[in-house]
Each structure stands twice: as structure tokens, then as C-alpha cells.
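Please open the structure in your viewer and keep the selection tool at hand. The tour below goes from stop to stop, saying what to select and what is there.

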Amino acid sequence: MLWSFTDQGGGMTGVLDGIEVLDLSWGIAGPMAGMLLADQGARVTRIESPHGDPSAGLSGQRVWHRGKRRAVLDLHDEADRDRVLALARQADVLIESWAPGTAARLGLDHETLLAANPRLVHCSITGYGETGKHADRPAYDALVAARTGQQWESRGVVGGTIGRLSGAEILPGYEAPEQCMVGAPRGGPLFSGIPWVSVATFYNASLVINAALRAREVTGRGQHVHTSMLQGALATTVGAWQRVEHADRPAFQSWVTDPRAPKGFFQGSDGQWTHHWVPLPSFILNAGELETLEPGPGLDAPRDAPLRISTQPEDMIVLHAFHDAMAEAVAKFPADDWVSLAAQVGVPVQRVRSPEEALLDPLLLEDGSVVELDGIRMVGRTYQFEKTPAPPIGPVAAPGQHTDEVRAEADRAAALPAREAGTGQLASPLEGVVVLDLGLAVAGPFGTQLLSDLGATVIKVNNAVFDRFWMVNHIAMCCNRGKRSITIDLKQPEGMAILHDLVRRADVVQHNMRYDAAERLGVDHESLKQVNPSLIYCHTRGHDPARMLLPGNDQTGAALAGASWMEGGVESGAAPIWPVTSLGDTGNGYLSAIGIVQALAHRDRTGEGQFLDTSILYAHLLNASMAYVGADGAPSDRPRLDRMQLGWNDRYRLHETADGWLCVALVTDEHVAAFERITGGDLLARAAHDWFAELDAAGVPCEVSDPDFVLSLFDDPEIIEKGWVTSYEQPLVGRMDVFGLLFDLSETPGRVQGPPLVPGQDSRAILAELGYDDERVEKLLATGVVNERE
């Protein structure tokens with residue numbers, strides 16, 4: 001079941017119709033979260049300060065404030081502060097990103113807000129949490145990325161951070177050919193073209209807000225929810241920041257997070273870049289021998305060819321051995337010819353587009369994942385519902401455009417009775433919800449893992465052949481914790497009967513297989529809703545409907561949306577980059593989880609299940625949403641990286657010093673003056689820590705870019721106590737220290753329910769719960785319909 005965002009018919013109110021949101025945030029994460037709520041029908045009122053917004057100059061403000069009312073109120077003025085409190089008394093959600101202690105000084109802390117409105121979901125977004133040793137550090141995206149060492153993970157760490165943390169570096173001492181190294185031709189961290197930390201924080205804030213709204217459907221009470229940019233940094237490094245007891249287990253590590261491994265970017269004869277992921281030497285080299293790029297002998301089944309590259313560490317050497325020959329072959333033909341051939345033979349290849357070209361794509365405009373507002377193209381809706389289609393996206397209002405209207409509304413609200421709290425009980429937002437995970441690889445399973453962290457019971461229906469090899473990998477383990485597992489052969493009638501028994505008891509089915517494959521297998525929405533009419537069915541895919549039959553992944557989505565262009569700074573003459581910190585697969589997982597939680601809240605009210613879908617491409621359009629473009633092709637003023645990937649401009653960048661790297665965010669002219677007075681423009685004269693001490697004392701926002709932050713992360717008592725990192729015993733690799741909860745809820749907290757699964761670990765128990773007796777279970781195991789853990 002597939003349709004575009006633009007053909008859903010009339011009567012559109014949205015799954016969040018009737019939800020009132022106050023957006024008092026600044027920066028990136030809060031405004032984006034407000035935008036996503038507005039896109040699905042919430043009425044969002046943005047409250048702006050008359051004293052200015054330090055993030056007002058970001059190009060994304062042209063995008064993130066669409067569909068919102070905008071009012072200017074001075075929170076330091078008692079009358080205006082009372083107006084905000086009056087509005088909060090009638091609101092459903094309030095979003096703010098104040099520094100710790102600011103809310104209390106304003107009289108708008110969560111105790112005061114929830115006392116005034118016990119049904120309010122109050123979301124705080126901070127840099128490092130409301131308390132703790134990092135809490136008072138400046139919360140600018142690049143500075144958080146520097147302080148946490150996230151900047152060092154963009155291209156990855158030689159030997160892999162898993163290896164560094166676990167004493168099991170991959171290919172130690174091996175030197176890669178110079179042309180194969182990822183990123184700018186220099187050592188040190190990379191400044192990102194996309195503010196990944198803030199974007200991840202936006203996803204976390206959006207999910208936790210909607211989780212709290214769903215909990216309110218059961219309890220009748222709001223709560224204080226929180227996420228931080230530090231948790232955002234953790235969300236971008238889920239596959240790399242793992243300390244593992246037996247990291248040397250065969251097939252556990254990969255070369256994906258190592259900068260010595262080139263990531264499949266090759267230029268065509270027209271100078272345009274293509275992204276082949278994972279590169280297939282047989283396909284590229286055989287095609288390179290042709291006169292024209294057309295299917296033929298040797299290209300019919302390229303994924304089954306004997307010469308292919310896995311992501312196991314040793315295959316990095318194979319990748320290097322064929323890299324130059326593959327580059328030479330790709331350079332014989334234009335980029336679009338490679339894309340066309342790959343589409344015909346089923347190989348994942350896309351041309352790397354600028355974000356502006358992506359936004360001018362007529363297929364995306366028709367689809368509705370790109371929208372045109374007042375002659376400007378920007379990201380459109382990024383997930384859609386069958387039964388609750390959202391209204392058209394509203395324009396970007398001028399600052400203060402609705403001030404008089406909002407003031408009058410606040411004055412009226414002051415006389416309204418307070419909202420009453422309910423008495424329902426719920427341990428976690430999704431307690432009692434059962435989710436069937438039919439997903440593959442990362443994008444699908446990461447979304448259901450988030451649901452598990454919110455308290456859902458997630459049952460992974462494993463594939464006996466694929467998952468036997470995949471589930472031992474560190475990438476699989478970062479998206480399959482806290483789940484139960486049953487391994488079923490769905491191609492056998494008895495296997496499908498078991499699935500139907502599970503579907504009858506489930507609330508949600510989610511998967512990311514190609515939809516035509518789901519239809520052939522009989523697990524499409526139309527088939528499963530006959531088994532359970534109230535089912536919520538979520539399909540996540542690689543691309544938009546026009547490209548839905550093409551193989552898709554994080555890398556091809558980044559190429560199509562312009563994310564890898566922005567991350568590499570291609571307009572400066574540099575090569576594109578697919579960063580280890582990318583949020584394509586995982587961003588898609590977030591969107592699916594957000595949509596599922598909203599659909600659950602809708603079903604709580606109406607009893608109605610429905611279909612929803614999203615894609616990796618849509619997530620990358622969101623990731624790149626600092627970009628917009630005129631319908632006539634006029635470019636935006638989005639930030640652009642320099643060729644050496646040092647920063648967006650002289651005020652917001654990395655500086656090499658005599659020892660280490662310093663990152664600065666010179667937001668005001670006063671910051672610039674102090675920086676120039678103290679450094680004299682020569683940062684190579686002293687070490688980064690010395691510069692930091694003097695600049696920080698002078699009030700200049702800066703941080704040392706710290707490659708060693710992660711070394712103490714999993715032993716930090718404060719972060720452990722907050723639950724932002726966690727530990728568990730995994731049967732295959734032993735103790736794992738990894739990211740914990742990425743969001744905090746005051747009344748219905750999330751919980752990590754267990755380690756990454758082993759396929760089939762719960763097969764017998766699940767069958768018993770379905771009422772299957774021992775004799776029937778043994779027969780199913782003997783015939784291979786069901787498998788259990790080896």
C-alpha cells in the first residue's frame with residue numbers, strides 16, 4: 001500500500017489535531033521538533049524574545065518555523081510571563097531549550113508548569129542535562145560535538161572505536177593507500193556539514209514528546225520530559241561507541257567505522273559523483289569493459305558474483321586492491337548511466353546530488369516529501385498515515401506576526417478553569433503494547449528498539465538464513481536489544497499460521513522489506529489487517545514511491561537527498577562523505593517509531609488501526625533541512641563547508657593548535673573581538689587546552705575537540721546514574737557497555753529491557769504462550785518451520 005503525501009483526499013486534520021503546542025526553544029532541535037508536530041496537525045505557537053535569538057541567522061529557520069504562529073513576548077516582563085503561564089495552563093506541550101536554572105529564575109520551571117496544568121507535557125532540551133559537571137557548558141552543536149569527541153567519528157577512528165575501547169583494534173599497523181582515506185587530506189577531527197548532534201536531539205525530543213502524549217491517553221496526566229545534546233551525540237554513535245568483552249569474535253567488527261576504508265564514492269566521466277554501497281567489484285569492473293552501460297553477461301546477478309566485498313575487517317584490504325580499478329571503470333561513463341544500469345540489475349547506486357537539486361526533484365514534489373511555500377522549496381512531510389492524513393503545511397510567518405492575537409488569547413486563557421489530572425497508571429509509555437518486528441538490517445529494527453526502550457514488548461521474527469550471519473555484527477547489535485526472538489520460515493504454511501497467531505495478539509507490525517516482497521510473502525497490510533483489523537502497520541522503505549523498487553540504504557538515501565554532498569562540502573571541490581554519524585537508517589527508525597506512537601494514541605481514542613509509512617530518503621531530507629531553494633533554482637544561504645572541512649565560516653569552525661584542536665562558536669561581535677584580542681589569529685603558538693582556558697575565562701564559547709572523551713564515558717558515575725549509558729551480558733560477545741536511554745520521562749520512564757537478541761532465543765517460550773503443546777513444538781522444530789537458538 002503506497003501513496004504520495006499529496007493524494008490523500010479531503011477532510012485532512014492530522015493525527016495531532018487539537019494538540020496545542022508552545023515553542024519557546026532556540027537553536028535547531030526544539031524548532032525542528034515544533035515543526036514536526038505542526039506538520040501532523042498540532043497548532044504550534046512560537047514565543048520569541050524581543051531581545052533576539054542567537055540562532056536566528058541559521059538558514060533552517062526559514063524551514064523549521066513553517067506552520068507556526070509567531071508571537072513576541074518578553075519573559076522578563078511580569079505581564080508577558082503571566083501570559084505565557086496562562087497559555088501553558090491550556091496547552092498540551094511546551095518545548096524549551098533554556099540553560100539549566102533559567103526556567104526556575106523565570107518562574108516557568110516544570111514544577112510550576114505542571115502545578116498549573118497537570119496534563120502538560122513539558123519538554124526541556126539541554127546541552128548536557130539539567131545537572132552535572134557538563135551542565136553549564138555552552139550548548140552549540142559544534143561545541144557539543146567537539147567536547148564529546150563526536151567530531152572524530154565523522155570519518156571514523158583508525159582501528160575502530162570499538163577496537164580502541166575493547167583492546168581489539170582491526171588491522172593494527174595496516175596503512176591504507178592515501179587516495180582511500182576518508183575526508184579532508186589532514187589529520188584531526190572533521191567539522192560536519194550537517195549538525196548531526198542537534199538533528200539527533202530533535203529526533204529524541206520528538207519521540208519523547210509523543211511518547212508522553214500517548215502515556216497521557218492512559219494516565220490522564222502530563223509530565224516533564226527531557227533530552228540533551230549529549231544524548232544526541234550518543235544517538236549518532238550507536239554503532240561505533242561500544243566497549244565489548246569479546247570484540248575479537250569473528251564477524252563482530254567491521255571496516256565501516258574505519259577511515260582507512262573508502263566508502264564507495266566514484267566520479268563518472270561527467271565529473272558527477274556516484275555512491276556504490278557496498279561496492280561490487282564484479283559489477284563495476286565488468287560494466288567498465290562495455291561500450292555502453294547496458295545489462296548483459298556478467299551483470300545479470302551482480303550480487304551473486306564471486307568477487308564481492310563484505311564489511312568484515314579483512315575485506316578492507318580487498319577494497320583497497322580494487323579501488324583504483326573501480327574508480328577508473330566508473331570514470332568511463334556518466335554518473336546517471338551508472339545509476340540507470342544499477343537500477344536495471346538491482347544494485348544500490350545513486351548519483352550524489354546537492355540538497356538544492358534534491359529539492360527541485362519533481363518526483364519528490366509530487367510525492368509531497370518536498371513542498372513549495374511562497375516560492376521556496378523545502379523538505380515536506382516525512383511520514384504519512386492512511387486514516388489521519390495531515391492538513392497542508394502552512395507558510396513561515398513573520399516574527400511577531402501573531403503577537404496581538406496570542407496576547408489576547410492569553411488574557412482570555414487566564415480566566416479559564418485549570419485542566420484536571422487523570423488517575424490512570426502506566427509504568428512506561430508503551431507498557432502492554434506488543435510489536436512484531438519483521439525488519440531487516442538497521443532502519444526497521446532500530447525503530448522497534450526505540451519502542452522497546454519505551455516499554456513495548458517487541459518480538460523479532462527472525463529469518464533463519466539471513467539473521468544467522470547478520471545478528472553477530474556490531475551494527476545489528478546496536479538496533480536489536482531488549483527484544484524477544486522467534487525464528488520462523490514464513491514460506492511454509494505452518495510458519496505463516498504461527499505469524500498469524502502472533503498478529504492476532506499484536507498491536508503493531510513494522511518492517512522495512514520492499515513492499516512487493518511483503519506482498520509476495522503475504523505479510524502486506526491488506527493481508528494482515530484481515531487477521532487483526534485494529535492493527536497498526538508501519539512500512540519503512542529506502543526511497544520515495546517512484547524509486548520504491550530500487551535497493552535502498554542509508555548511503556543511497558544520503559546521496560539522493562544531498563546529505564553526503566553537504567557533509568563533504570562538495571561545492572568546495574572536496575569529495576562527498578557518508579559519515580559514521582549519519583542518521584539515515586536510524587533517522588528512518590526514529591520516524592517510524594514517532595509515527596507508531598502517534599498511531600497508538602489515535603487508536604487509544606478511536607479504536608482504529610491504520611497503515612503508515614516513511615523512508616530513509618525522507619529522513620535524510622530532514623537531516624539536510626538547513627537547505628532550501630527557490631522554485632526558480634535560486635540557492636539558499638545554507639552553511640557550506642570549506643575544502644579542508646574546518647568549519648562553516650570564520651566564526652564557527654575548528655582551529656589546529658600546537659597540540660590538539662580547538663572549536664569555537666563566535667556568536668556575537670563581542671566574542672569575535674575577544675577571540676582576536678586573545679589569540680592574535682595565531683593558534684599554532686599554544687596548545688588547545690591553554691587556549692581553551694584563556695578564551696573560556698573571557699566568555700568566548702569554545703571547546704577542545706576531545707578524541708578521548710569516549711574512553712571514560714562508560715565509567716562515568718554521573719552518566720551511568722542518569723541511565724544514558726548501560727551495560728549487559730550478551731551471550732555471543734559477553735559484557736557490552738553501550739548507549740542507554742536517549743530521553744528521560746519523569747513519570748513513565750523508559751527502560752532498557754535486555755541485551756541484543758540471539759535469533760530463536762525465545763522460540764519455544766513464545767510458541768508455548770500461543771498455546772502450542774510440546775509435541776507440536778517439537779514437530780515444528782524438526783521440520784524447520786521454527787528454529788531455536790544454536
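## A strand covered on both faces

Begin by selecting strand β19, where both faces are covered: Phe 611, Asp 613 and Ser 615 on one side are buried, and so are Leu 612 and Thr 614 on the other. In a regular strand the side chains alternate between the two faces of the sheet. The model is a predicted one, and in it five of the five residues of β19 (residues 611-615) are buried, so this strand is largely enclosed by the rest of the structure.

Keep β19 selected and add strand β18 (residues 536-541), which pairs with β19 in the parallel sense over five bridges. Within this pairing, His 539 has Asp 613 of β19 as its bridge partner. Now add strand β13 (residues 383-385), which pairs with β19 in the antiparallel sense over three bridges; here Gln 384 is the residue that stands opposite Asp 613.

## A buried aspartate

Select Asp 39 next, which is found in helix α1 (residues 29-39). Is Asp 39 buried or exposed? Its relative accessibility is 5%, and because buried means under 20%, Asp 39 counts as buried. Show its side chain together with that of Arg 66, and you will find a polar contact between the two side chains at 2.7 Å. If neighbours within four places in sequence are left aside, Asp 39 is in contact with Arg 66, Gly 380, Arg 381, Ala 390 and Ile 393.

## The nonpolar cores

For the next stop, select Phe 202, Tyr 203, Leu 207, Trp 255, Phe 283 and Leu 713, which touch the most other members of the largest nonpolar core, a set of 173 residues. Helix α8 (residues 196-219) gives the largest share of this core, with 13 residues. Stay with Phe 202 for a moment: apart from its neighbours within four places in sequence, Phe 202 is in contact with Ala 29, Met 32, Ala 33, Leu 36 and Leu 622. A second, separate core has 33 residues, and to find it you can select Leu 436, Leu 502, Tyr 515 and Leu 535, which are among them. As general background, nonpolar side chains in soluble globular proteins tend to be buried together.

## A three-stranded open sheet

Move on to the open sheet of three strands, whose order is β8-β9-β10 and whose pairing is antiparallel. Strands β8 (265-267) and β10 (349-351) stand at the edges and have a single partner strand each, so one side of each is left without a neighbour in the sheet. From one strand to the next, the twist averages 25°. Select β9 (residues 273-276) to see how it is joined to β8 by three bridges, with Trp 273 of β9 as the bridge partner of Gln 267.

Two helices can then be added to this view. Helix α11 (residues 315-330) lies across β8 and β9 and runs at about 40° to β8, while helix α12 (residues 335-345) lies across β9 and β10 and runs at about 150° to β10.

## Stepping back

Finally, show the whole chain, which has 31 helices and 28 strands. Its radius of gyration is 26 Å, close to the 28 Å that the globule rule gives for 790 residues, so the chain is as compact as a globular protein of that length. The C-alpha atoms fill a box of roughly 75 × 70 × 55 Å along the principal axes, and 63% of the 790 residues count as buried.

Terms used: Residues numbered from 1 in each chain as written. Predicted model: local features only at pLDDT ≥ 70, side-chain atom pairs only at ≥ 80, totals over all residues. Heavy atoms only, no water. Pairing = 2+ DSSP bridges. Helix = DSSP H or I, 4+ residues; strand = E, 2+ residues; numbered from the N terminus. Axes fitted to C-alpha atoms, helices over the stretch in contact; angles between N-to-C directions. Contact = heavy atoms within 4.5 Å. Buried < 20%, exposed > 50% of the residue type's maximum accessible area, 1.4 Å probe, protein only. Polar contact = N/O pair within 3.5 Å; in protein donor to acceptor, adjacent residues only side chain to side chain. Core = buried A, V, L, I, M, F, W, Y, C linked by side-chain atoms within 4.5 Å. Rg over C-alpha atoms; globule rule 2.2 N^0.38 Å.
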